[in-house]
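The following exercises concern one protein model. Read each task, attempt it with the structure in view, and then compare your reasoning with the worked solution.

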Amino acid sequence: MTATAPLKTEAQDKEALIAQGWAALPPSYRIPEAAPTLDEARAWCKRLADSHYENFHVASWFLPKALRPHFHAIYAYCRVSDDLGDEVGDRSAALALLDLWKLELDACYEGRARHPVFVALGETIRTCSIPKEPFADLLTAFRQDQTVTRFATMQNVLDYCRYSANPVGRLVLYACGEADEERFALSDATCSALQLANFWQDVRVDYGKGRVYIPQDDMLRFGVTDEIIENGVATAEFRALLRYEVGFARSLFEQGLPLIGMVDRDLALDLDLFSRGGLEILRAIERQNYDVLSARPAISKGTKMALALRAVGGKLLPFLNLGGRGRPQGKTA
C-alpha cells in the first residue's frame, strides 16, 4: 500500500493539472469520449483556422481545393498545440496538457485518434506520408517555452526556431508533395526568418510574458539591458541593436527566396505571400526607426491586400515572384 500511494498521488496531481489546463481553454479543445467522423473533424479544423488567423485565411484562398483540408488540419494542430503551451497561465498545467497532447499524437499514428484535430490529421498523414518528427518537434518548442526565457547567442535562437518554426514549413512541403532535403533547407531559412521578424515585432509583448528572444550576447555588445525593454523607451543603443537584428532576419529571408521558384505555382503563391509579409514586418520596424517598445509595428489591411495582389501577380507573371522563376537579369522585387 505504501509503495503504490506516491504513484497514485502523482497520477491524481497530473489529472488535477490537466483539468485546470482545460478549464483555461475553450471547451471545444477538450478530448471527446467518442471520435468525430472525418467530415466533422475537418469542419472543426476549418472553423478554427478561419476564426484564428487572418493571414492563413487569405493564403488559403490560393490553395487548390483538394489541399485545403490538409492545411486546415495542420494549422489546427499547430494552433491548439501553441494554445496548450501559451494560454493556460500555469506552467505545470501547460506541461501536463502538452504531455497529454503528445500521447494523442502517438495514438494518431497508431490509428486511435479521438480529438477532431487528430482525426483530420490522421487522414492528412496517410495521404501525404508525413512522419511524426515535425509534429513532435513543435511540442518540444512549446515545452521549452515553459522553462527557457533567455537565449545566449543567435545560434541558440535558431536552435529554438528549428523546433518552433521550421517544422511548419516542412509540414507544408509534405502536404504539397514537395518534400526533399534541398527544399527543406530553403524552407527552414524562410521559417526562421518569419519567426525572427515576429520576435523583433513583439519584443515588448514577449517581455511581458517573461521572455526575451534577442540574443544575450548581442544585447551585451550593444549595451542594452532588460531594464531598457521594461521601461519601454527605445534608446539609441536599442535602436542600433534592432537594426542589426532586422538585417540578420532579412538575410535569412534572402537565403530562402529561391524556394519560391522551385515549387508548384499554387504553393509558390503562398510562399511568396508569407515572405512578402515577413519582409513587410521588417520594413514596418524600420519605418518606426526600430522603436518597437512604444508601439508594436503592424501591417495595415491595405498593405496586406497589396501584398496578396502582388503575390497573385507573381503567379500570372513569374518574374514578379520574390523567388523569380525566369526573372530578367537585374530585375528586383
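A residue is called buried when its relative accessible area is under 20%, exposed when it is over 50%, and partly exposed in between (1.4 Å probe, protein chains only). This is a predicted model, in which local features need pLDDT of at least 70 and side-chain atom pairs count only at pLDDT 80 or more, while totals for chains, interfaces and linings use all residues. Residues are numbered from 1 along each chain as its sequence is written, and side-chain values use heavy atoms, with hydrogens and water left out.

**Exercise 1. Describe helix α10, its cover and its cap.**

Solution.
Step 1. Helices (H or I, at least four residues) and strands (E, at least two) are DSSP runs, numbered from the N terminus. On this basis the protein chain has 16 helices and zero strands.
Step 2. Helix α10 covers residues 181–201, 21 residues in total. The expected span of a helix is 1.5 Å times one less than its number of residues. From first C-alpha to last, α10 reaches 30 Å, close to the expected 30 Å.
Step 3. Of the 21 residues of α10, 16 are buried, so the helix is largely enclosed by the rest of the structure.
Step 4. The N-terminal end of α10 is capped by Asp180, which has a side-chain oxygen 3.1 Å from the backbone nitrogen of Glu182. This is a polar contact (a pair of N or O atoms within 3.5 Å; within protein, one must be able to donate a hydrogen and the other to accept it, and residues adjacent in sequence count only if both atoms are side-chain atoms).

**Exercise 2. Determine how helix α9 is covered.**

Solution.
Step 1. In helix α9 (residues 166–175), eight of the ten residues are buried. Among them are Asn166, Pro167, Leu171 and Tyr174.
Step 2. Contact means heavy atoms within 4.5 Å. The cover over the buried residues of α9 includes α4 (68–86), α6, α7, α8, α10 and α15.
Step 3. After α9 comes Gly177, with a positive phi near 70°.

**Exercise 3. Which residues touch the most other members of the largest nonpolar core?**

Solution.
Step 1. A nonpolar core is a set of buried Ala, Val, Leu, Ile, Met, Phe, Trp, Tyr and Cys residues joined through side-chain atoms within 4.5 Å. In soluble globular proteins, nonpolar side chains tend to be buried together.
Step 2. The largest core has 57 residues, and Trp22 and Tyr77 touch the most other members. Helix α5 (residues 91–109) gives the most to this core, namely nine residues.
Step 3. Apart from this core lies another, of 37 residues, including Leu158 and Ile281.
Step 4. Beyond its neighbours within four places in sequence, Trp22 has contacts that include Tyr29, Leu84 and Leu97.

**Exercise 4. Explain why Cys128 forms no disulfide.**

Solution.
Step 1. A disulfide is a pair of cysteine sulfur atoms within 2.5 Å.
Step 2. The cysteine sulfur closest to that of Cys128 belongs to Cys176 and is 8.0 Å away, so it is too far for a bond.
Step 3. The structure as a whole holds zero disulfides. As to cover, Cys128 is buried at 13% relative accessibility.

**Exercise 5. Compare the settings of four loop residues.**

Solution.
Step 1. Pro32 lies between α1 (5–23) and α2 (38–52), and is partly exposed at 24% relative accessible area. Its C-alpha is 6.6 Å from that of Arg114, although the two residues are 82 apart along the chain. Setting aside neighbours within four places, Pro32 is in contact with Arg114, His115 and Pro116.
Step 2. Most residues other than glycine have a negative phi. Ser129, which is not a glycine, has a positive phi of about 55°. The loop holding Ser129 joins α6 (116–128) and α7 (133–144), and Ser129 is exposed at 56% relative accessibility.
Step 3. Tyr290 likewise has a positive phi, of about 65°, and lies in the loop between α15 (265–287) and α16 (301–316). With a relative accessible area of 10%, Tyr290 is buried.
Step 4. Gln146 is in the loop between α7 and α8 (154–164), and at 7% relative accessibility it is buried. Its side chain reaches the backbone oxygen of Gly85 at 2.6 Å. Not counting residues up to four places away, Gln146 also touches Arg91, Ala94 and Leu95.
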